[in-house]
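Trainee: I should like to learn how to read the features of a structural model. May we work through one together?

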Amino acid sequence: MLPALKSIQVENYHLFSKNWSYNLHAGMNLFVGTNGLGKTTTTSLIIYGMVGPNSEIPMEYFENRGGESSPKFYPTIKLIFSVGDHEFEIHRVITEDTILYLRVDEHEYHSKDFDNIDDIYDGLLKQYTGIESISDITFLLQKFLIRQEEGNYLIWDDKGGDQSKLIRILINEAGFQAEYERLAKDVKDLDTSVRGKTDVKAQFTKKIKELELLRSTELEKRQDYNQRSELEKSLLGVKAEYEKNLELQEKNLENIKYLTGLIKESDGKIEVVSAEYELHTDQIRDLESRLFKHVYSDESVLTSIHKLKHYGICIYCNKTPKVEVVKEIINKLEIRNQCPVCESGLDLVHPDLDNTQVLEELEASQKKLGQAKEEIEPLKVQKVELVKQVDALWIEQRIIEKEINANAIKQYDLNIQLSTLNKNPEEQITEYDTQISGLQTQVLNYEKEIEPERDKWERAKERLNAKNDELNEVISSFEDKLNAIFVKYASKYFKPDCKLTTIERRPKESKINVKSYVPEFEEKTRFEIKNCSTSERIFLEYLFRISLLELYQIESKNSPFIIMETTEGAFDISNTIELASSFNEFGDIGLPFILITNFSKPDFLQKLSEGIGKSKHRLLNYLEFGKLSDIQKKSVPEFRKVLRSLKLV
């Protein structure tokens with residue numbers, strides 16, 4: 001039974017300018033804000049609120065953003081959600097991984113009264129969801145119910161491994177997931193054990209051959225060794241080289257740590273400059289629209305001029321014309337005041353308007369855009385160079401580690417030789433015989449251990465394959481139902497012939513093949529993410545998730561929530577409208593559905609506003625509580641203009 005989010009409340013969190021809350025409605029809920037206001041952080045807060053910190057959302061993620069806290073003003077995430085007929089309310093401190101308050105139905109728990117409030121919550125959450133572990137619930141949230149802007153691709157992740165795990169958790173009849181995981185662990189552990197003991201046996205066998213060769217050589221010599229001085233000198237040299245390599249290793253790690261810090265610093269600068277670049281681009285487009293709107297009444301023409309001028313891309317064929325062609329078209333428009341098609345003269349000065357201010361603002365914005373572009377390029381070059389340096393240092397690190405290991409082995413061998421130099425050849429031969437006999441005994445012991453474990457491994461693998469066959473039957477049985485939903489969306493909004501098909505693949509850590517769904521369109525099965533363009537893979541991921549969730553709702557009679565943060569910037573105008581339409585249709589099934597987006601494409605927002613019934617109560621505006629930069633504050637009037645154009649009531 002999956003959770004259904006009902007309410008979000010954030011208090012005293014330094015990332016936001018004030019406390020805020022939102023009650024979810026059935027169907028689509030639209031969260032809107034510009035970059036850097038905490039939209040993605042909101043999704044992380046919801047995951048953290050439900051299951052606490054984890055490997056992908058550690059405490060440090062929030063601690064660096066939360067500011068100071070006190071017992072009276074803890075930064076807190078408060079969630080209300082339901083699991084079936086049971087309602088949970090949880091208040092969790094954002095910066096300390098502490099549950100302050102828990103309510104499950106009518107039962108209340110306060111941290112001051114219950115030392116084990118975390119255990120109580122985890123136990124009840126697992127009991128009512130029917131999911132055996134919090135890690136599995138975390139997996140569902142991060143990999144399925146919540147997708148951030150740069151999130152995972154469930155339809156391709158880990159060659160079907162994530163899909164397989166998701167379906168195991170969702171069906172989870174009679175502890176299916178726990179049994180499957182146990183069998184998979186048994187197979188992996190036994191495989192590791194058999195491989196490890198086989199490797200040790202092989203090393204012993206190799207050592208026996210080496211000792212036999214040394215014994216043979218010793219038999220040929222039959223003379224005293226007189227090499228102690230030479231060996232001691234060699235040992236000192238090897239030790240010195242060993243210490244030198246240890247120093248190099250430590251210095252190398254320090255350099256890697258330093259350069260990694262510089263890379264993170266560069267990423268931060270690039271993100272800031274990129275935000276400024278996007279802002280100036282939007283401003284230039286708006287100014288050009290105002291300047292040319294009496295010449296071109298069609299918004300798409302203005303868009304095509306803007307895209308050609310600032311991105312060098314033709315909006316009609318989506319190709320990159322030659323630089324000379326772009327310059328000629330822009331010169332006709334801006335210098336010679338001619339139509340780029342028929343070369344007729346254009347009256348660019350509207351008789352009723354004074355465009356001086358617009359032109360000045362346009363020139364200033366273009367200058368800022370150029371400055372931002374000039375600033376970002378060196379940063380990107382710097383980052384590439386830093387990454388190269390780090391890669392080179394890691395290569396050097398592996399070489400140093402090999403040399404350290406080799407030196408250690410040399411020291412061991414030299415010490416062995418020194419310990420036996422005073423022995424006569426007959427004693428040395430006897431010692432070799434003793435070592436060979438001992439190793440042969442070890443080899444026989446390992447052979448006795450390996451065979452039973454190999455038999456156990458075979459039997460465990462058979463049981464896992466049988467369990468996997470059960471899972472594959474479930475996947476196959478749902479294929480037609482899932483495809484009916486997927487094709488409903490894909491044929492209308494993506495490709496008319498697009499559908500899902502099942503294939504068998506072996507995930508990275510798995511010892512067996514698993515069945516999973518992949519898309520197929522234009523008579524090609526898209527086995528990997530690289531088989532699709534960026535916009536195609538994002539669109540397909542959205543459609544796959546909403547289809548899975550709709551099928552789950554139908555089969556389980558349970559209505560969980562889903563959150564998707566859009567990447568609409570990867571789509572052109574027509575595809576953006578199709579994407580919005582698909583979201584609107586999905587919202588009609590009544591699941592609590594949060595869609596997170598920004599102001600970059602007003603047409604996209606306009607279409608989505610239909611999905612929320614033009615209701616302002618179904619829209620969360622991050623401008624109201626987000627901390628805006630000085631540059632963002634200048635654009636607030638434009639953002640508000642976009643919101644007003646939605647005509648929400």
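Mentor: The turns below take up a sheet, a helix, a buried side chain and some backbone angles. This is a predicted model, in which local features need pLDDT of at least 70, side-chain atom pairs count only at pLDDT 80 or more, and totals for chains, interfaces and linings use all residues. Residues are numbered from 1 along each chain as its sequence is written, and side-chain values use heavy atoms, with hydrogens and water left out.

Trainee: What is the strand order of the open sheet of 6 strands?

Mentor: Strands of a sheet pair through backbone hydrogen bonds, either parallel or antiparallel. Strands (E, at least two residues) and helices (H or I, at least four) are DSSP runs, numbered from the N terminus, and two strands pair if DSSP finds at least two bridges between them. Here the order is 2-1-4-5-6-7, with antiparallel pairing. Strand 2 and strand 7 (107-110) are the edge strands, each pairing on one side only. Strand 4 (residues 76-83) and strand 5 (residues 86-93) form an antiparallel pair over 8 bridges, and Ile-77 stands opposite Arg-92 in strand 5.

Trainee: How many residues of helix 12 are buried?

Mentor: Buried means under 20% relative accessible area, exposed over 50%, and partly exposed in between (1.4 Å probe, protein chains only). In helix 12, 19 of the 23 residues are buried. The expected span of a helix is 1.5 Å times one less than its number of residues. Helix 12 (residues 534-556) should therefore span 33 Å, and its end C-alpha atoms are indeed 33 Å apart.

Trainee: Which backbone oxygen does the side chain of Asn-483 reach?

Mentor: A contact means heavy atoms within 4.5 Å. Asn-483 lies in helix 11 (residues 425-493) and counts as buried because its relative accessible area is 12%. Its side chain reaches the backbone oxygen of Leu-500 at 2.7 Å. Not counting residues up to four places away in sequence, Asn-483 touches Lys-488, Lys-499 and Leu-500.

Trainee: Where is Asn-12 placed, and what is its phi?

Mentor: Most residues other than glycine have a negative phi. Asn-12, in the loop between strand 1 (4-11) and strand 2 (20-23), has a positive phi near 60°. Asn-12 counts as partly exposed because its relative accessibility is 28%. Lys-647 has a positive phi near 55° and lies in the segment after helix 15 (630-645); Lys-647 is exposed, at 67% relative accessibility. Just after helix 12, Lys-557 takes a positive phi of about 60°.

Definitions and conventions: Polar contact = N/O pair within 3.5 Å; in protein donor to acceptor, adjacent residues only side chain to side chain.
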